[in-house]
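Open the model in your viewer and keep the selection panel at hand. The tour below goes stop by stop.

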Amino acid sequence: MERQSRIVLGLVALSLVVAGLAWAATANERSLAIYPAQRIPVRFDHKQHLEAGAECTTCHDSARTSASVKDRNLPGHEECETCHDLDAARKGAKTDPPSACNVCHPGFDATVHLAPPKLDAPPANLNFNHQLHVQKKVDCATCHGSMTDVQLATRQQLPKMVTCLKCHDGHQAPKECGACHLKQPSGRLQLTFPSGILRPMQGDPLGLDHGPRYEFNHGNRASMDRGTCLSCHTESYCQTCHDALQKPLSVHPNDFITLHPVQARQDSTRCTSCHRAQSFCVACHERSGVGQNSDRSLRARNVKVHPDYNAWVEVPGPQHHGVAASRDMQSCVSCHREESCLTCHSGMTGRQVNPHPDGFSAACKRVAASNDRACLKCHTESSLAQKGCR
């Protein structure tokens, strides 16, 4: 029974941990790439000290002149001794407020240990100048929030980017990424740190969410511009997807040639965002035997596309290719080139089938005067002049 209880408690604890991780991933948790993990083996209550009359500068006075994020603006024994009589406590005297070592260092026993565990609070991977912000009268709570209900301060009290952007808007303060984020010698932002990789995630205040499936929708972001991308990524990084014969498996999985017709029918605009239908798609289809200009020995495969070819071409009706083309020209050009249409519809060939609707001759001159490039695909200049369209 006892063993089963331990197992149940362990599962409950595990579920709470998983829930906590899920919350952190969706609640804009501070990036480890910016604020590395900390180890703070001390006990401290900000709320209690503020209620007793302490101010921020009582313990963090060095922050007022700090010009580097690497400065250690944390209190030491010197600041603590402003109120705590550490010497008297070492001699065994009772003090008010309490000043024994284990008050702030839980579990520490000076008769057993030489020194308490060290605090490890790595500097943020940012450019930051406390002194400059103090000179501009920026209140501590603006960046760190109200500490009136905080006990031990951790990474959770360090500012998020959305807080910084309230002032860094390009008017009050610079809004360029490199104003705060570290740069490489190339001028691009440094993305890789020992504590993690810098990557915008869900809820990014600039709308640069690099969440799931980002590789498929980043081109549609209204706020996106080339300069923003190049602040982090090189041209070669972009070209791994945009200018390569072999796409990453996240874009085109194995056996995609077999699977792509389904996706192409569902969302052809997604295909054409990278591929030209009249060159890439048609050329591949013709090589595989699907297309008017494909090898004659492979043309039998066209029957799968247009089963009753003669009826589809010759017989008027709702399934005539002209009607189908007017409904969905994209479907036609996925296999046929412009030359395929001109075989029958050009005035420059032996067989001319007029593709214009009844009464078009009345609008011919107006259309040609607007833009005759389309007219010249099928008609010579002399024939247009004969028709009175010149």
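**Stop 1: the whole chain**

This is a predicted model, so begin by colouring it by pLDDT. The mean over the protein is 80, and 85% of the residues reach 70 or more. Switch to cartoon: the secondary structure comes to 21 helices and 2 strands. Of the 390 residues, 18% count as buried. Take contacts between residues at least 6 apart in sequence: 56% of them join residues at least 24 apart.

**Stop 2: the two ends of the confidence scale**

Where is confidence lowest, and where is it highest? Select residues 2-26, helix 1: confidence is lowest there, at a mean of 39. Now select residues 130-135, helix 7, where confidence is highest, at 95. Go back and widen the first selection to residues 1-27. Over this stretch the pLDDT is below 50. Beyond near neighbours in sequence, residues 1-27 have 4 contacts in the model. Low pLDDT means that predicted coordinates should not be read in detail.

**Stop 3: the salt bridges**

How many salt bridges does the structure hold? There are 2.

Select Asp61 and Arg64 and show their side chains. They meet in a salt bridge, 2.4 Å from N to O. Add a surface. Asp61 is partly exposed, with a relative accessible area of 38%. Arg64 is partly exposed as well, at 43%.

Next, select residues 86-90, which form helix 5. Show Asp87 and Arg90, which both lie in this helix. They are 3 residues apart, about one turn of the helix. Their side chains meet in a salt bridge at 2.8 Å, N to O. Is Arg90 buried or exposed? Arg90 is exposed, because its relative accessible area of 52% is over the 50% cut-off. Asp87 is partly exposed, at 45%.

**Stop 4: Gln157 and its contacts**

Select Gln157. This residue is found in the loop between helix 8 (140-144) and helix 9 (161-164). Is Gln157 buried or exposed? Its relative accessible area is 16%, under the 20% cut-off, so Gln157 counts as buried. Which residues does Gln157 touch, leaving aside neighbours within four places in sequence? Show Cys143, His144, Met147, Val150 and Leu152: Gln157 is in contact with each of these.

**Stop 5: the second largest pocket**

Turn on the pocket display and pick the second largest pocket. Its volume is about 1,400 Å³. The lining has 44 residues. To find the centre, select Cys341, Leu342, His345, Val353 and Pro355, the lining residues closest to it.

Then colour the elements around this pocket. Those that give two or more residues to the lining are helix 16 (309-314), helix 17 (321-327), helix 18 (329-333), helix 19 (338-345) and helix 20. Which of them gives the largest share? Helix 19 does, with 7 residues. Recolour the lining by class: 21 residues are nonpolar, 17 polar and 6 charged.

**Stop 6: Ala369 in helix 20**

Stay with helix 20, which also contributes to the pocket lining. Select its residues, 361-370, and pick out Ala369. Ala369 is exposed, with a relative accessible area of 65%. Finally, add Cys389 and draw a C-alpha to C-alpha distance from Ala369. The two are 20 residues apart along the chain, and their C-alpha atoms are separated by 7.7 Å.

Notes
Residues are numbered from 1 along each chain as its sequence is written. Side-chain values use heavy atoms; hydrogens and water are left out. A salt bridge is a side-chain nitrogen of Lys or Arg within 4 Å of a carboxyl oxygen of Asp or Glu. Buried means under 20% relative accessible area, exposed over 50%, partly exposed in between (1.4 Å probe, protein chains only). Helices (H or I, at least four residues) and strands (E, at least two) are DSSP runs, numbered from the N terminus. pLDDT is the predictor's confidence in each residue, from 0 to 100. Contact means heavy atoms within 4.5 Å. On a 1 Å grid over the protein atoms alone, a cavity is a set of points where a 1.4 Å probe fits but cannot get out, and a pocket is an open set with protein on both sides within 12 Å along at least five of seven lines; lining residues have an atom within 4 Å of a point. Grid points are joined across faces, edges and corners, and a volume is the space filled by probe spheres set on the points. Ala, Val, Leu, Ile, Met, Phe, Trp, Tyr, Cys and Pro count as nonpolar, Asp, Glu, Lys and Arg as charged, and the others, Gly among them, as polar.
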